[in-house]
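Let us go through this assembly step by step, beginning with the fold of one chain and moving outward to the places where chains meet.

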Amino acid sequence: MTKIKYMLFAVLGAAMLAGGALAQEPAAAEAVEAVAEAAATTPAPDTAFIFNTLLFLIMGMVVMFMAAGFCMLEAGLVRSKNAATICLKNITLYAIATVMVWLVGYNLIYGNAATPGGYLGTLAFWKADDSAALDTGYSASSDWFFQMVFVATAASIVSGTIAERVRLWPFFIFTAILTGFIYPIQASWEWGGGWLDANYGFSDFAGSTLVHATGGWAALAAALALGPRRGKYGPNGQINVIRGSSLPLATLGVFILWLGWFGFNGGSQLALGSLDDAISVSNIFVNTNMAAATGVITVVVLCTFLKRKIDLSMALNGAIGGLVSITAEPLTPAIWQAALIGSVGGVIIFVVTPLLENLRIDDVVGAIPAHLFCGMWGTIIVPFSNSDATYLGQAVGIGANAVFVFVSSFVIWILLKMIVGIRASAEEEDKGLDDSEIGAPAWPDFSSKPHPLQPAE
Amino acid sequence: MTKIKYMLFAVLGAAMLAGGALAQEPAAAEAVEAVAEAAATTPAPDTAFIFNTLLFLIMGMVVMFMAAGFCMLEAGLVRSKNAATICLKNITLYAIATVMVWLVGYNLIYGNAATPGGYLGTLAFWKADDSAALDTGYSASSDWFFQMVFVATAASIVSGTIAERVRLWPFFIFTAILTGFIYPIQASWEWGGGWLDANYGFSDFAGSTLVHATGGWAALAAALALGPRRGKYGPNGQINVIRGSSLPLATLGVFILWLGWFGFNGGSQLALGSLDDAISVSNIFVNTNMAAATGVITVVVLCTFLKRKIDLSMALNGAIGGLVSITAEPLTPAIWQAALIGSVGGVIIFVVTPLLENLRIDDVVGAIPAHLFCGMWGTIIVPFSNSDATYLGQAVGIGANAVFVFVSSFVIWILLKMIVGIRASAEEEDKGLDDSEIGAPAWPDFSSKPHPLQPAE
Amino acid sequence: MTKIKYMLFAVLGAAMLAGGALAQEPAAAEAVEAVAEAAATTPAPDTAFIFNTLLFLIMGMVVMFMAAGFCMLEAGLVRSKNAATICLKNITLYAIATVMVWLVGYNLIYGNAATPGGYLGTLAFWKADDSAALDTGYSASSDWFFQMVFVATAASIVSGTIAERVRLWPFFIFTAILTGFIYPIQASWEWGGGWLDANYGFSDFAGSTLVHATGGWAALAAALALGPRRGKYGPNGQINVIRGSSLPLATLGVFILWLGWFGFNGGSQLALGSLDDAISVSNIFVNTNMAAATGVITVVVLCTFLKRKIDLSMALNGAIGGLVSITAEPLTPAIWQAALIGSVGGVIIFVVTPLLENLRIDDVVGAIPAHLFCGMWGTIIVPFSNSDATYLGQAVGIGANAVFVFVSSFVIWILLKMIVGIRASAEEEDKGLDDSEIGAPAWPDFSSKPHPLQPAE
């Protein structure tokens, strides 16, 4: 309908020109037509600006809500005696990320745009500058908000792995360092236009490596520094199952994360102000959803055939594994490729989860398989669908991220261990951290006698 | 980039004026005025395209989140010994719907657009085609995503009714058939431009019948094939109350559904790219909210006067009943009409729920009154506010949907019953399906001794 | 506004053409360029209209979802024996607000726009009027929806404070009066262009006073009329701790509220149809998020140093306190000012919560410190960052709101107490209101023996 109107506009303009003295200049008439045509396929810069900004705001909101998703997932997968502590950790880590990304994080990532190929941004607190807003294409604050919630996501990953034994304040201090320095420095290498982007053509669309593997490596470092929960591993290689207190809340958490991931990947298109951007965001939605779906189905099928019973928390992690796997490249895969990438994510969950247990690494919520292993998988497979990336470049990015994040995180945790101590006492751990850290039980009306430990199959 | 283009526009315009000779043609001046006027009231096609696509994406996101709403509602209304199983069912059914709508569902609905009046679409997997995107008015993927989450909604309805006794895999197989074939075929009759649309002027704006009654009929067929839960009905016509494990989670679920319904009905306007569309979506929001509100209030008032105590789960279903009732036509009713339509939905919940119990049909979450009966009510009443519909046409649509969905669903369930068995053993049912299907309790820290059965009033 | 600009565009274009020989006038060419430039920085009125409407719809949706946030917060902070009742209260109050804002509330606020400086609007039910939609700049229904969810928010505040002892129907009646009359009348003084706006330059961007202090004063009046819960205060000045049944659900509630607040404050920009509006909404997001973050961190730090253990429910209220504090002016503060304003909100939570207990006022969820005290703080501090406001004007607004809302609420509660009785019997309260009001337990599968009372530190 409206298109016809614009066509009329073009024809009319041409006719008018033809009517006048300009008739002798057909080139001019064609030029007018071309301009009218362009006006019909590209929004004016101000309209594009509002669309781009709106994308950041809406998608940022649902990514912010992922903090609630992680919180419910983790509160559901810890024992009830530690559920209040994990809730406090999750809301406070989001608050810390907010402040740190303002104070140092944002400009450590993006503050060095003038000198590409560098190793970190500038050390300066962030301030909204919209003096050239129309040229930028979006409001500065909308961009800051969107970037900030990404940083918070990385920190949320850590809290789940090391639940039920880490003390609150050491975790908060690590969170401040992770969100203020570790995450921003490595993100600057790629998203800040640094060396990974400039020299290796590394490609990580929404952060399989830069966000999820970062959270995963930090979680692994913390798990190693802390050691497993008391009772998780018996003296003779025995592995005990420690059940989470509420699978319904854990499921709710994963649904919230799935929802948030539309914002996480869709918003990472970073623009909505043109036809192509709108189409891209839509394709990202479809691929993101598909990878999550095949992640779930793969775990359900594997459990059915290989374990006879279907482990709900593993199926939930199948969704997350699929989502993390597609995050490095949610745009270029055909749907069947997205389905395949997500399905392999599900396989990774199924295989790596027991493997970590055999290595006596205690990852309470299964964040390391989901975020670290699926993050690396998603990143290395980018060239499968995106010819701009190379397997070598991807490997370099994965490796650089691994070394930097794991080493720096491990050093920080060891320093914290030496200086302030990072682990609750055995007695505190047995009574539950809600008693020692919060002073109040999470579910006081219900018998909170923990389910007896059971050996794993 | 685009800014430069506009600068060119300006310069070109000035040049044209400088050309002069057009001044003698006042008709041309009027034409220019008309074009400017049109530009002031209708967005350019590209801008409209982005708005339309954005509507599908945002509204699709909140409809997707309805999967979490159904999950919490159902997890809260089953006994704790079956809560993990219902969680697994809900996340997996959404995953299955994703894959099936991609493989067959979408094109069974929409793949036959060239030959109106048909009985089904084409059998082909879906592939995004944006080659004529500007003419379509929205990105293909955004539309697919929005349609897919609708299909998942229908499947979510079934899972609640037959909870606590159906085995996982038969349910998954039925879900695949429902989302891949049953739903798409009947939806093609109307939304795919088939015979109901072409020959009977059937009108079902957002799917009171096509989505909700479809889910309801499938749920009824399944309930009949399965039979009631053990202990629900006593030997001498006695009806026992089986209490859900968490009314707060059930309430959360309904709030999420209420939120999602803004997307469900509002997004069904299918466009946001014009003044009229924006006004329509807004009116739909108001009517949708109003019908839900009067649904709740009606149940609360009826309970107060007729039962003295106010049944929370019935009040929650009052909201859903109001929402389903307004879904067939959320646009044309005046507010008082929406209030009335929703209020009758509340009455239906209050009347039909005990009626089903007297018929010894065991609907664990009350999905049949809410989705099937209110769905039919909402559909038949469309001509009350929309003169384009007729009561006859509506009745034909309701009837066709009923026969096709109920019969095909019942046949599938009976076949599944004969071939693989659909029901957990008595022992499994008594222990809870979480034990036999998942192998882990949903709330392991809390005493999960089920509340003793009580006779209903 | 922008429509006029486009009219000018048309007229100017025609005039220029009519002028013909204008080629000799370079000024005209410049004028054309300027108009084209303007078109590049301001969307056409129809596009702006859709953006504005979309802002109301999206932001209204997340504010609507705050009803779920309040419900989860309150259900988590009451004992399990009262959790179903609080759920019913929260969903029904939202329904009542919907109906009352339609019947009287909206026009009591906005129905008197022609005569500024007044004391109330007109008494008429609301009806969407889009006859001058393009001039208004948004669809009437989108605005109604956005205003309505604000009113519901105020009512949600009340329900938490007086939980566990108030009877359902007196609460519903009060809710109807609050949402239909008390809130609208005082809101008309400012947002309806009444005397506070016209004569005192009172400034309350998104309602620290008009929404949150209103809810807070009504809650205080109700708490005084009702008295504390049985067992809350011992005979010798002893204060007992009564623990909430689910801190994870309470945490979820606060995350939902935090999410909703982006809509609450961001949507209160009331427009998205220009570059400046998009930038403003973005800045509001950043400040809103920052104030919540510093509210949390402040409570966590204060608890650590002064109480050694970190009270989770107080930390959660720290987030709400920060959010309420920034609500009166989320646009003009620099980030550090937003951080400071939110931090003081955290201090208020930490200081006022025990203070109320010492005054033997029983506020079950801590809504009075968060919504009333932080609301007043946020309002009085507006001139700190916004030079259009004065401390005197702010004080007048706070005082007028206080007197009107508190007195009218208190009178209503006393009347209700005299006429129908507002409080459950001692026996009902001890057994829990779920038994007497709902007739069903909220968590029937779990031992619901309440945690024994403990003296507060």
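**From one chain to its interfaces**

In this predicted model, the secondary structure of chain A comprises 18 helices and two strands. Chain A has 457 residues, of which 66% count as buried. Among the contacts in chain A with a separation of 6 or more, 78% are accounted for by residues 24 or more positions apart.

From the single chain we can turn to its meeting with chain C, where 51 residues of chain A are in contact with 52 residues of chain C. On the chain A side, at least two residues each are supplied by helix 3 (45–77), helix 4 (83–110), helix 5 (133–136), helix 6 (140–161) and helix 18 (433–438), and the largest share, 17 residues, comes from helix 3 of chain A. Sorted by class, this side of chain A that touches chain C has 38 nonpolar, nine polar and four charged residues.

Two helix pairs between chains show how such contacts are built. Helix 10 (residues 247–266) of chain A packs with helix 3 (residues 45–77) of chain B at an angle of about 180°, their axes lying 10 Å apart; because angles over 145 degrees count as roughly antiparallel, helix 10 of chain A is described as roughly antiparallel to helix 3 of chain B. Here P248(A), T251(A), L252(A), F255(A), I256(A), L259(A) and F262(A) of helix 10 of chain A meet residues of helix 3 of chain B that include M61(B), F65(B), A68(B) and C71(B). The residues of this contact divide into 14 nonpolar, one polar and no charged.

The second pair joins helix 11 (residues 275–306) of chain B to helix 4 (residues 83–110) of chain C, packed at an angle of about 120° with their axes 8 Å apart, and these two helices are therefore oblique to each other. Their crossing is left-handed. Residues making the contact include N289(B), A293(B), I297(B) and V300(B) from helix 11 of chain B, and I91(C), A95(C), V99(C) and W102(C) from helix 4 of chain C. By class, the contact has ten nonpolar, four polar and no charged residues.

Which residues touch the most other members of the largest nonpolar core? In that core of 492 residues, they are I91(A), I91(B) and I91(C). Leaving aside residues up to four places away in sequence, I91(A) touches C71(A) in its own chain, together with T251(C), V254(C), V296(C), A315(C), L316(C) and A319(C) of chain C.

Key. Residues are numbered from 1 along each chain as its sequence is written. Chains are lettered from A and ligands numbered from 1 in the order in which they are written. This is a predicted model: local features need pLDDT of at least 70, side-chain atom pairs count only at pLDDT 80 or more; totals for chains, interfaces and linings use all residues. Two residues are in contact if their C-beta atoms, placed from the backbone, lie within 7 Å. Helices (H or I, at least four residues) and strands (E, at least two) are DSSP runs, numbered from the N terminus. Ala, Val, Leu, Ile, Met, Phe, Trp, Tyr, Cys and Pro count as nonpolar, Asp, Glu, Lys and Arg as charged, and the others, Gly among them, as polar. A residue is buried if 20 or more other C-beta atoms lie within 10 Å of its own, exposed if 12 or fewer, and partly exposed in between; C-beta atoms are placed from the backbone. Axes are lines fitted to C-alpha atoms, for helices over the stretch in contact, and angles run from 0 to 180 degrees between N-to-C directions. Angles under 35 degrees count as roughly parallel, over 145 as roughly antiparallel, 65 to 115 as roughly perpendicular and the rest as oblique. A crossing is left-handed if the near helix is turned anticlockwise from the far one by less than a right angle, and right-handed if clockwise. A nonpolar core is a set of buried Ala, Val, Leu, Ile, Met, Phe, Trp, Tyr and Cys residues joined through C-beta atoms within 7 Å.
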